Each structure stands twice: as C-alpha cells, then as structure tokens.
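Q: Please take a close look at one part of this structure, the sheet, and explain how its strands are arranged.

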Amino acid sequence: MRNGRKIEKMEKQEGGRWASAYAQRLLYETLLYDTMGAMKNFWDGLKRPIFAVAPMANVTDEAFRRMFAECGRPTVFWTEFVSVEGLLSSGKEHLLPDLWFEKDEHPIVAQIFGAKPEQFAPAAEIIYKLGFDGIDINMGCPDRAVEKQGAGAALIKQPELAKQIIRATKEGAHGLPVSVKTRIGYTKNQLAEWLPALLEEDLAALTVHLRTRSEMSKVAAHWELAPEVVALRDRYAPKTVAIGNGDVASLDDARMKTKASGLDGIMIGRGIFGNPWFFGGATPTVREKIERLVRHTEVFESLYKSDLTKKEGKIKNFEVMKKHYKAYANGFDGAKELRIRLMDAESAAEVKAVAEEFLTGTHKEPADVDPALP
Ligand SMILES: Cc1cc2nc3c(=O)[nH]c(=O)nc-3n(C[C@H](O)[C@H](O)[C@H](O)COP(=O)(O)O)c2cc1C
C-alpha cells in the first residue's frame with residue numbers, strides 16, 4: 001500500500017488545502033505502516049556495511065524502487081530529490097508522486113533541496129507526515145537551475161547557511177534522523193573545512209560523493225580521500241554514519257571500498273541502472289533482463305499514467321523509461337536492435353510486444369542453443 005493515507009490525514013488537518021483530484025485518488029489507498037519508529041534513529045540498527053540506492057532524479061522513482069523490492073533490496077532506499085519550495089507551493093500535488101513509496105521500501109529516506117531555511121521546517125513536517133524514516137538534504141547537486149536558487153552544491157560555498165538549513169530541517173522533522181549528501185568541495189578538495197561545518201550539526205548520516213562540484217561526474221571518484229572523510233567523522237561526530245559514493249560498479253567493489261576506507265556504507269548511483277539485481281547479487285539471464293524491463297514498464301505505467309489532475313493523463317513522461325531500456329538492453333546479441341525498437345515504444349503494451357518478438361524470434365539463451373549446431 002502506498003503512503004497515500006498520509007495525504008488523507010494532511011488533507012483533513014489542513015482543512016482541505018490538499019484537496020485535488022490527485023489526492024482524491026490517493027484516498028483509496030491505505031497505509032499499514034504508520035510512522036512506527038519515526039522517533040527512532042533507524043540508522044542505528046542497520047547492519048554494516050550499509051548499501052544505499054542513490055537519489056537520482058527521474059531514475060530512482062517509485063517504479064524503479066519496486067524493482068529492487070522484487071529483485072534484491074538495498075539496506076536503505078532514497079527518493080529522488082524534491083524542492084522544498086515546490087512542496088510548500090500550490091503545485092505540490094505534482095511533486096508528491098516523487099514521494100510515493102510502499103511499506104516494503106522501509107527504511108526509506110526522502111531527499112529535499114532548497115536554500116531558504118524557513119522553508120525546511122514545514123517541508124520536513126510534510127516528509128514526516130508522509131511516513132518516511134529519514135530526511136536527507138541535497139548539498140551536492142551541480143544542476144544550474146538548482147544552484148541558481150543557492151541550493152545543491154552552491155551550499156558548499158555557504159557553510160553558515162547550510163548549518164541553518166540543517167537546524168531548520170530538524171525543527172520540523174519530529175525526531176526523524178536528518179542527513180546530508182554532498183561533495184568533497186566546490187572546485188577543490190575542501191573536506192577539512194566543509195565537513196566539520198556539517199558534522200558539528202550532529203547529523204545522523206553524511207554521504208560524500210567523492211568528487212568536487214566542478215568535476216561533475218567526469219573524472220574518476222577520489223576514493224583515496226575516503227579515509228579522510230572517516231577521520232573527520234571520527235573526530236567531529238563519531239556517531240554520524242559515513243557513506244561514500246562514486247563509481248561503484250558491483251557489490252564486491254562496494255564491500256572492498258568499505259573495508260579499505262572504514263566507511264559505514266556505500267551509495268550506488270549509475271551502477272544500478274538496468275540492474276535491479278545489484279543488491280541481491282544475482283546475475284540475470286538475457287530473458288530475465290527483458291522480462292524485467294517489461295515488468296518495470298508495466299509498473300511505471302500503472303503508477304504514473306493516470307493522473308486526474310491533468311487532461312493528458314500522465315504524471316511522469318514515458319520518456320523516463322527510455323534511459324532504463326538503454327541499460328537493460330545491453331551487452332547481449334541483438335541488444336542494439338532491441339534498444340532501437342524500444343526507443344520508439346510509447347506504452348507498456350508496445351514494449352511487451354517488442355520484447356516478446358525478441359524472445360520468441362531471434363533470441364536464444366546460450367543454454368538453449370543446440371550444441372550440435374556449428
Ligand atoms: C540521472 C541522475 C540523477 C541524479 N539525481 C540526483 C538527485 O536527485 N539527488 C542527488 O543527491 N544526487 C543525484 N544524482 C547524483 C547521484 O546520486 C550520485 O551522487 C552520482 O551519480 C555519483 O554516483 P555514481 O558514480 O554511483 O553514479 C544524480 C545522478 C544521475 C546520474
């Protein structure tokens with residue numbers, strides 16, 4: 001059951017301000033999980049090493065997270081980032097689908113971004129009411145539109161403002177653990193100044209993408225700096241969970257990096273594209289990959305197609321699925337042709353038809369191939 005019940009409660013409390021056709025739809029859904037443990041710091045009870053799904057806008061949405069719930073869970077889920085300003089605006093119902101989750105995705109952390117401290121307490125309150133286990137503040141996003149607001153990576157240049165934002169978030173969080181995701185610096189390694197400023201705020205967790213803002217994702221992540229992150233954490237806030245991020249390609253790689261650095265965990269971004277088996281450790285067959293891309297599409301369509309607030313009836317654009325197809329249909333015979341055909345599809349039914357044609361026509365698993373053939 002999705003966390004729609006929370007919307008219903010909010011709607012009542014706020015005298016119908018949340019009333020919208022979209023919210024009405026959510027009223028039919030029930031939530032069994034009821035902020036249980038909300039006052040507890042869930043990070044304390046997690047088995048080490050911690051493996052987290054990175055927040056990735058238009059990638060780690062509810063449809064993709066369902067695939068991990070089915071194929072192999074991470075230790076902790078993260079949502080895509082959501083603007084605090086947007087959450088407090090009249091258009092908030094368009095953002096709420098980014099905060100949907102189901103009860104088997106606990107523990108799940110909602111990521112928010114913004115630059116005005118006064119917006120963080122009421123936004124944290126919304127996150128709390130939606131039943132999340134934690135709140136993460138984005139202080140690393142290099143996107144121009146985000147930075148222009150003074151948010152994301154721009155906060156690395158404003159440590160005092162970053163501190164105010166953390167305090168304001170805690171005020172509205174009802175005891176939910178508050179964490180930050182950031183980078184090693186803006187144009188150079190600033191760990192020695194930037195991390196203490198954050199750690200002094202007694203964060204529940206701190207994720208460091210081991211690149212500067214200027215490096216974007218263009219150079220290799222600086223894993224040689226991970227021990228410095230751990231040393232700063234040990235010195236300034238030994239209880240804060242330290243997570244490293246950048247270029248981790250497999251679970252073995254993640255295990256090796258936690259061991260070598262002393263970090264509590266690893267967050268994985270691009271390494272999970274097209275690979276919901278990442279955390280479970282299974283190696284899918286070609287058939288499984290293709291059946292999974294169909295299933296992913298069906299879940300995507302069932303979640304996001306019908307939006308009563310919009311005439312055209314879509315919450316998320318079907319194009320979002322295309323980057324997943326590039327990743328699922330990769331590394332096997334005929335993958336390129338399959339990808340090309342999938343790029344033209346516009347519905348789950350079309351994707352299924354293309355996939356079935358591939359599986360029944362040209363494709364054979366290595367084990368299906370007649371060994372007598374030359
Ligand atoms: C398509 C895409 C969207 C992203 N969106 C977010 C986001 O919403 N919030 C965030 O903190 N980082 C975001 N990131 C950054 C990732 O969380 C992660 O820090 C980065 O990809 C490096 O990790 P990786 O090398 O494992 O991919 C995004 C990255 C990608 C590729």
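A: What follows goes through the sheet strand by strand, and then turns to one helix and the ligand.

The model is a predicted one. Its open sheet has 8 strands in the order β1-β8-β7-β6-β5-β4-β3-β2, and the pairing is parallel. Two strands form the edges, β1 (50–53) and β2, each of which pairs on one side only. On average, neighbouring strands of this sheet are turned by 25 degrees against each other, with direction ignored. As background, strands of a sheet pair through backbone hydrogen bonds, and the pairing can be parallel or antiparallel.

Start at the end of the order where β2 lies. Strand β2 (residues 77–83) runs parallel to β3, and 5 bridges join the two. One residue pair to look for is Trp-78 with its bridge partner in β3, Val-109. On β3, 4 bridges lead to strand β4 (residues 134–139), and this pair also runs parallel. Here Ile-112 stands opposite Ile-137 in β4. Between these two strands comes a helix: β3, helix α5 (residues 117–129) and β4 make a β-α-β unit, and the unit is right-handed.

Strand β3 (residues 108–113) is mostly covered, with 6 of its 6 residues buried. In a regular strand, side chains alternate between the two faces of the sheet. In β3, Ile-108, Ala-110 and Ile-112 point one way, while Val-109, Gln-111 and Phe-113 point the other way, and all are buried.

Now move along the order to β7 (residues 241–245). All 5 of the 5 residues of this strand are buried, so β7 is largely enclosed by the rest of the structure. Val-241, Ile-243 and Asn-245 point one way from β7, and Ala-242 and Gly-244 point the other way. The chain reaches β7 from β6 through helix α9 (residues 226–236), in a β-α-β crossover that is right-handed. Strand β6 (residues 205–212) is joined to β7 by 5 bridges, and the two run parallel. Within this pair, Ala-205 has Val-241 of β7 as its bridge partner.

On to β8 (residues 265–268): 3 bridges join β7 to this strand, and the two run parallel. Asn-245 has Met-267 in β8 as its bridge partner. Another right-handed β-α-β unit is made here by β7, helix α10 (residues 251–261) and β8. Strand β8 is also joined to β1, by 4 bridges, and these two strands run parallel. In this pair, Ile-50 stands opposite Gly-265 in β8. With β1, an edge strand, the end of the sheet is reached.

A helix can be read in a similar way. Helix α8 (residues 191–199) has the buried residues Leu-191, Trp-194, Leu-195, Leu-198 and Leu-199. Seen down the axis of α8, these buried residues fall within an arc of 125 degrees, so they line one face of the helix. The face of α8 turned away from the buried side carries Ala-192 and Glu-193, which are exposed.

Last comes the ligand. It is surrounded by 22 residues, and the closest are Ala-54, Met-56, Phe-81, Gly-269 and Arg-270. The residues of this shell divide into 9 nonpolar, 9 polar and 4 charged.

How values were computed. Residues are numbered from 1 along each chain as its sequence is written. This is a predicted model: local features need pLDDT of at least 70, side-chain atom pairs count only at pLDDT 80 or more; totals for chains, interfaces and linings use all residues. A residue is near a molecule or strand if its C-beta atom, placed from the backbone, lies within 6 Å of it. Ala, Val, Leu, Ile, Met, Phe, Trp, Tyr, Cys and Pro count as nonpolar, Asp, Glu, Lys and Arg as charged, and the others, Gly among them, as polar. A residue is buried if 20 or more other C-beta atoms lie within 10 Å of its own, exposed if 12 or fewer, and partly exposed in between; C-beta atoms are placed from the backbone. Two strands pair if DSSP finds at least two bridges between them. A crossover is right-handed if, with the strands pointing away from the viewer, the path from the first strand over the helix to the second runs clockwise. Axes are lines fitted to C-alpha atoms, for helices over the stretch in contact, and angles run from 0 to 180 degrees between N-to-C directions. The arc is that of the directions from the helix axis to the C-beta atoms.
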